[in-house]
Amino acid sequence: MQLTRFSDLGLRLLMYLAVNDRQSPPVTVAEVALQFKMARNHLVKVSATLTRHGYIRSLRGRTGGIELARPAEQIKVGDLVRLLEGSEHLIDCASLHCVLNPACGLKSALSHALDSFYDTLNTYTLASILKGRSTDAIQTLQYDYIRLVV
């Protein structure tokens, strides 16, 4: 299984926000896009989805930005990936018009495997995946950015 680019962007965005401990300047989508060398317009879509589902909060205005809407310890990685991936099935048997569809056991096996995948990811929180060198790397990115804009 391979996660979509949308999920990748969402996970990295939340990791970046979880490490942020500064008051000013606030983190912006443009900053994160620059730091991770990603397309800003894609990150805007990811940010909108995460805002709509209560993972991040958007601060409006000239001095606005984005921040986590809840503590990183409360964000389960499996729930987040399930949201960002959006699909409930690894294979869409109905649209494939497979002749085995009515009697196939593969669909059930794949569904069970996908549930196990999300359950395993839910043993991790956003905070737990940031232990160690990930936090150091993100802090370095943030400090470098602040030096550029100040």
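A18 comes out as partly exposed, because its relative accessibility is 24%, and the cut-offs put anything from under 20% in the buried class and over 50% in the exposed class. This alanine is part of helix α1, and its C-alpha atom is separated by 17 Å from that of D79, which is 61 residues away along the chain. Keep in mind that the model is predicted. Helix α1 also carries a set of linked charges and one half of an aromatic pair, so it's a handy place to start.

**Overall layout and confidence**
- The protein chain has seven helices and two strands, and reading along the sequence gives α-α-α-β-β-α-α-α-α.
- Along the principal axes, the C-alpha atoms fill a box of roughly 65 × 30 × 25 Å.
- Of the chain's 150 residues, 33% count as buried.
- The average pLDDT is 90, with 99% of the residues scoring at least 70.
- Element by element, helix α3 (residues 40–52) has the highest mean pLDDT at 97, while helix α5 (residues 93–96) has the lowest at 72.
- As a rule, coordinates predicted with low pLDDT shouldn't be read in detail.

**Salt bridges**
- Searching the whole structure turns up five salt bridges.
- Three of the residues involved, R5, D8 and R12, are linked in a network.
- On one side of that network, D8 meets R5 at 2.7 Å, N to O; the two sit three residues apart in helix α1, about one turn of the helix.
- On the other side, R12 meets D8 at 2.9 Å, N to O, and here the spacing within helix α1 is four residues, again about one turn.
- D8 counts as partly exposed because its relative accessibility is 27%, and R5 is partly exposed too, at 48%.
- R82 and D115 make another salt bridge, at 4.0 Å from N to O.
- That pair links distant parts of the chain, with R82 in helix α4 (residues 77–85) and D115 in helix α6 (residues 106–121), 33 residues apart.
- R82 is partly exposed at 27% relative accessibility, and D115 is partly exposed at 35%.

**Aromatics and the loop after α2**
- The whole structure holds two aromatic pairs.
- One of them is Y16 with F36, an edge-to-face pair with 5.7 Å centre to centre and 75 degrees between the planes.
- Y16 belongs to helix α1 and F36 to the loop between α2 (29–35) and α3, so this contact links parts of the chain 20 residues apart.
- Both Y16 and F36 are buried.
- K37 is found in that loop between α2 and α3, and it takes a positive phi of about 55 degrees despite not being a glycine.
- K37 counts as exposed because its relative accessibility is 72%, over the 50% cut-off.

**The hairpin**
- Strands β1 (residues 56–59) and β2 (residues 65–68) run antiparallel and are joined by four bridges.
- L59 stands opposite G65 in β2.
- Five residues lie between the two strands of the hairpin, and G61 takes a positive phi near 105 degrees there.

**Nonpolar surface**
- M1, L3, L90, I91, L96 and L106 together make a nonpolar surface patch of about 550 Å².
- M1 sits in the segment before α1 (5–19) and counts as exposed because its relative accessibility is 59%.

Methods: Residues numbered from 1 in each chain as written. Predicted model: local features only at pLDDT ≥ 70, side-chain atom pairs only at ≥ 80, totals over all residues. Heavy atoms only, no water. Patch = residues over 30% accessible without salt bridge, like charges linked within 9 Å, V, L, I, M, F, W, Y side chains within 5 Å. Areas by Shrake-Rupley, 256 points an atom, 1.4 Å probe, with all protein chains shown as cover. Salt bridge = Lys/Arg side-chain N within 4 Å of Asp/Glu carboxyl O. Buried < 20%, exposed > 50% of the residue type's maximum accessible area, 1.4 Å probe, protein only. Pairing = 2+ DSSP bridges. pLDDT = per-residue confidence, 0-100. Phe/Tyr/Trp six-rings, centres within 6.5 Å; stacked < 30°, edge-to-face > 60°.
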